[in-house]
Amino acid sequence: MTELAAVKAALRTQAVETPSWAYGNSGTRFKVFAQAGVPRDPFEKLDDAAKVHEFTGVAPTVALHIPWDRVEDYAALAAHAEKRGVRIGAINSNTFQDDDYKLGSICHPDAAVRRKALDHLLECVDIMDATGSRDLKLWFADGTNYPGQDDIRSRQDRLAEGLAEVYERLGEGQRMLLEYKLFEPAFYTTDVPDWGTAYAHCLKLGEKAQVVVDTGHHAPGTNIEFIVATLLREGKLGGFDFNSRFYADDDLMVGAADPFQLFRIMYEVVRGGGFTSDVAFMLDQCHNIEAKIPAIIRSVMNVQEATAKALLVDGSALAAAQGSGDVLEANAVLMDAYNTDVRPLLREVREESGLDPEPLKAYRASGWGEKVVAERVGGQQAGWGA
């Protein structure tokens with residue numbers, strides 16, 4: 001197989017999971033701007049997600065968020081997804097919106113609140129069983145705002161105890177993906193603030209516990225690709241939440257703020273074998289002012305382009321330059337790949353896969369956007385908390 005053929009073959013195996021909540025209305029602390037045609041329930045979210053997969057060919061799974069995507073019959077929801085040509089992906093828990101969680105969830109000083117949070121996490125595993133989902137995604141808003149508010153070490157003990165109970169409930173082939181975040185909504189301490197804390201808990205739990213890297217959850221200047229390389233080396237990188245940020249956890253379209261960073265991350269993924277392993281690639285974005293489906297399609301294409309460039313890095317030339325200490329040549333090898341226009345290559349890959357070479361144009365020509373605006377009249381649009 002030629003080098004180009006190998007790159008094409010790798011690109012055809014790529015899968016990017018889309019999040020159900022990205023198809024609903026979202027916004028900032030100041031305003032949520034509603035859009036016509038937005039889904040009113042999880043079934044309509046899956047309909048929209050199926051369109052993204054139809055035109056990109058690489059978005060076969062859809063992450064759910066509970067309770068935002070709660071339904072009476074999860075088997076029926078999974079069947080609906082399959083009928084539309086997609087599958088249910090990660091189940092994302094929510095232990096941050098109830099009033100009881102003001103001081104935390106599974107790290108809360110009150111045992112009754114911790115029990116409530118844990119029961120919710122166990123419910124999410126039940127939903128995994130019903131939908132065939134592999135991954136339970138955990139992100140905790142737990143933390144403190146003031147020194148002395150709570151005991152830092154005790155909160156870590158509660159966290160470890162809660163995670164252990166959920167871990168034991170996981171079935172064969174299921175995983176726990178633990179996400180970290182530097183700050184927000186807690187501003188003094190966050191109970192899972194960084195990859196080291198997440199890694200330490202996952203290491204203690206066992207093989208079914210993996211770390212999730214959200215590209216928007218780091219301090220400015222953090223070398224995310226170093227974290228990715230280290231977690232891959234340790235066999236503990238479970239997945240990504242892809243988005244883009246200028247200042248904090250902006251949840252903008254992946255690759256929008258720093259496409260070079262996305263390329264560097266994807267190079268380490270390719271270098272570390274994560275592209276062909278069980279690492280889950282998922283978008284975690286909110287589309288506040290742009291149209292939902294086109295924005296998600298564009299985001300998927302951004303990941304594809306960064307991946308294609310990473311696959312084009314001349315590994316032999318790079319290793320030779322690194323081994324000889326040729327700093328400029330080593331950097332030039334990376335930059336040659338990054339500066340390559342991979343859009344023609346991706347158009348070829350799509351055509352060879354029976355897809356339209358221009359996903360966005362094909363979607364706009366399909367009339368789906370106008371169709372849902374005309375049909376989705378009445379009811380309550382999905383959005384944050386629904």
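A residue is called buried here if its relative accessible area is under 20%. By that yardstick, buried residues make up 54% of the 386 residues in this chain. Keep in mind that you're looking at a predicted model.

**The chain as a whole**

There are 14 helices and 10 strands to find your way around. The radius of gyration is 21 Å, close to the 21 Å that the globule rule gives for 386 residues, so the chain is as compact as a globular protein of that length. Boxed along the principal axes, its C-alpha atoms take up roughly 60 × 60 × 40 Å. If you count the contacts with a separation of 6 or more, 77% of them are between residues 24 or more positions apart. As for the outside, the accessible surface comes to about 17,200 Å², and carbon and sulfur atoms account for 52% of that.

**The sheet**

Eight strands build an open sheet with parallel pairing, and reading across, the order is β1-β2-β3-β4-β6-β8-β9-β10. The edges belong to β1 (18-19) and β10 (280-283); each has a single partner strand, so one side of each is left without a neighbour in the sheet. In general, strands of a sheet pair through backbone hydrogen bonds.

Here are three of the parallel pairings, going from β4 across to β9.

| Strand pair | Bridges | One bridge partner pair |
|---|---|---|
| β4 (residues 135-138) and β6 | 4 bridges | L138 and L178 |
| β6 and β8 | 4 bridges | E179 and V212 |
| β8 (residues 209-214) and β9 (residues 237-242) | 4 bridges | D214 and D241 |

**A closer look at β6**

How many of the residues in strand β6 (residues 175-179) are buried? The count is 5 of 5, which leaves the strand mostly covered. In a regular strand the side chains alternate between the two faces of the sheet. You can trace that in β6: R175, L177 and E179 point one way, while M176 and L178 point the other way. Both sets are buried, charged R175 and E179 included. Two of these residues also turn up in the table: L178 is the bridge partner of L138, and E179 is the bridge partner of V212 in β8.

**Over by β9 and β10**

Moving along to β9, you'll meet a helix as well. Helix α8 (residues 259-271) lies across β9 and β10, and it runs at about 160 degrees to β9. So β9 pairs with β8 in the parallel sense, and α8 lies across it. The helix also lies across β10, one of the two edge strands.

Key:
Residues are numbered from 1 along each chain as its sequence is written. This is a predicted model: local features need pLDDT of at least 70, side-chain atom pairs count only at pLDDT 80 or more; totals for chains, interfaces and linings use all residues. Side-chain values use heavy atoms; hydrogens and water are left out. Two strands pair if DSSP finds at least two bridges between them. Contact means heavy atoms within 4.5 Å. Axes are lines fitted to C-alpha atoms, for helices over the stretch in contact, and angles run from 0 to 180 degrees between N-to-C directions. The radius of gyration is taken over C-alpha atoms; the globule rule is 2.2 Å times the number of residues to the power 0.38. Buried means under 20% relative accessible area, exposed over 50%, partly exposed in between (1.4 Å probe, protein chains only). Accessible areas come from the Shrake-Rupley method with a 1.4 Å probe; for residues, only the protein chains shown count as cover.
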